[in-house]
Amino acid sequence: MNILAPVRRDRVLAELPQCLRKEAALHVRKDFHPRVTCACQEHRTGTVGFKISKVIVVGDLSVGKTCLINRFCKDTFDKNYKATIGVDFEMERFEVLGIPFSLQLWDTAGQERFKCIASTYYRGAQAIIIVFNLNAVASLEHTKQWLADALKENDPSNVLLFLVGSKKDLSTPAQYALMEKDALKVAQEIKAEYWAVSSLTGENVREFFFRVAALTFEANVLAELEKSGARRIGDVVSIDSDDSNLYLTASKKKPACCR
Ligand SMILES: Nc1nc2c(ncn2[C@@H]2O[C@H](COP(=O)(O)OP(=O)(O)OP(=O)(O)O)[C@@H](O)[C@H]2O)c(=O)[nH]1
Ligand SMILES: [Mg+2]
């Protein structure tokens, strides 16, 4: 029995949302990976439909992390600054290619005095969103340090990175163009996908989070397929009288000659 409410109609993804800038994208395919599409059609997505993927949002104080999450999750915007103390989180449920998929968005504090508490929640992230203010170059310069801190708690090869410039409404087109040049360079260096958003106007906010959901989902399904493929091809189940676990696979045990 499914006790969860149905996924909101505006959280249903039938196609892969596209990147903002091709020069700084995690990938530029038009569609989901063919193996992912096929697995979803055949409902071979394993545990992905029951999983909640953790996404952490980091960056300098007052760059607009909380407003970004609130614009997407609650469609609200507060012009008054209220610092996040420690962490906060929101759950968002999606349906991607017919499969339920949930994101847990962790909003962390940018203020130095709360950073210590916030960093204890970094572990286990599948995606890291590093936010900077498009109108404050220092906040872009600090993104590498935020990333380094977040990666201390996570496996760099298993995490998707997004670099997000905020408060786009406050820059003129000329100022924006200048900042974007620098931001694209940083994004390429750290291998992150670049986005520019405004939580005040809502520009690109929905597109951005849909892209995060889609790419995290895709990575999860691919990992699941790899796991189930490895189980089918490589493993031999060992039924050994000494083994309490009958499902211990031969590949994990040392061969007799090495014991
Ligand atoms: N004009 C404009 N102001 C914004 C935007 N996003 C956030 N702000 C303002 O920037 C200030 C800080 O926003 P927050 O979202 O609280 O910043 P934060 O990154 O969560 O800050 P900490 O919790 O201290 O780390 C608030 O006064 C917001 O109203 C935006 O897109 N445009
Ligand atoms: Mg905040």
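Phe72 and Phe210 are both buried residues in this predicted model. Their two rings have centres 6.3 Å apart and planes at 85° to each other, and because an angle over 60 degrees counts as edge-to-face, the pair is described in that way. The two partners come from distant parts of the chain, since Phe72 belongs to helix α2 (residues 65–74) while Phe210 belongs to helix α7 (residues 205–234), with their positions 138 residues apart in the numbering. This pair is one of 11 aromatic pairs that the structure holds. Phe72 and Phe210 are also members of one aromatic cluster, which is formed together with Phe94, Phe162, Trp195, Phe208 and Phe209.

Aromatic rings also meet charged groups in this model. The charged end of Lys115 sits over the ring of Trp146, at 4.4 Å from the ring centre, and the charged end of Lys168 is placed over the ring of Tyr176, at 4.7 Å from the centre of that ring.

**The overall fold**

The protein contains seven helices and seven strands, and if one reads along the sequence, these elements follow each other in the pattern β-α-β-α-β-β-α-β-α-α-β-α-β-α. Of its 259 residues, 45% count as buried.

Which strand runs parallel to strand β1 and is joined to it by two bridges? The partner is strand β3 (residues 87–96), which is linked in this way to β1 (residues 12–13), and within this pairing Leu13 has Val96 of β3 as its bridge partner. Strand β3 is also joined to strand β4 (residues 99–108), here by 10 bridges and in an antiparallel arrangement; in this second pairing, Glu90 stands opposite Leu105 of β4. Strands β3 and β4 together form a hairpin with two residues between them, and Leu97, which lies in the turn, has a positive phi of about 50°. As a general background for reading such strands, the side chains of a regular strand alternate between the two faces of the sheet.

**The surroundings of ligand 1**

There are 23 residues around ligand 1, and those that come nearest are Lys65, Asp78, Tyr81, Gly110 and Asp169. Oxygen atoms of the ligand also make contacts with polar backbone atoms of the protein, and three of these contacts are set out below.

| Ligand atom | Protein partner | Distance |
|---|---|---|
| oxygen atom of ligand 1 | polar backbone atom of Asp78 | 2.7 Å |
| oxygen atom of ligand 1 | polar backbone atom of Lys79 | 2.9 Å |
| oxygen atom of ligand 1 | polar backbone atom of Thr84 | 2.8 Å |

When ligand 1 is taken alone it exposes 650 Å², and the protein buries 93% of that area.

**Residues in the loops**

Several loop residues can be described in some detail, beginning with Ala125, which lies in the loop between α3 (112–119) and β5 (127–133). Is Ala125 buried or exposed? Its relative accessibility is 8%, and because a value under 20% is what buried means, Ala125 counts as buried. The C-alpha atom of Ala125 is separated by 7.4 Å from that of Ser53, although the two residues are 72 residues apart along the chain.

Most residues other than glycine have a negative phi, which gives a useful background for the two residues that follow. Asn204, found in the loop between β7 (193–196) and α7, has a positive phi of about 65° although it is not a glycine. Asn204 is buried, with a relative accessible area of 16%, and its side chain reaches the backbone oxygen of Ala196 at a distance of 2.8 Å.

Lys191 is likewise a residue other than glycine with a positive phi, in this case near 60°, and its place is in the loop between α6 (173–190) and β7. Where Asn204 is buried, Lys191 is exposed, because its relative accessible area is 66% and exposed means over 50%.

Technical notes. Residues numbered from 1 in each chain as written. Chains lettered and ligands numbered in written order. Predicted model: local features only at pLDDT ≥ 70, side-chain atom pairs only at ≥ 80, totals over all residues. Heavy atoms only, no water. Phe/Tyr/Trp six-rings, centres within 6.5 Å; stacked < 30°, edge-to-face > 60°. Helix = DSSP H or I, 4+ residues; strand = E, 2+ residues; numbered from the N terminus. Buried < 20%, exposed > 50% of the residue type's maximum accessible area, 1.4 Å probe, protein only. Lys NZ or Arg CZ within 6 Å of the ring centre and 35° of its normal. Near = heavy atom within 4 Å. Polar contact = N/O pair within 3.5 Å; in protein donor to acceptor, adjacent residues only side chain to side chain. Areas by Shrake-Rupley, 256 points an atom, 1.4 Å probe, with all protein chains shown as cover. Pairing = 2+ DSSP bridges.
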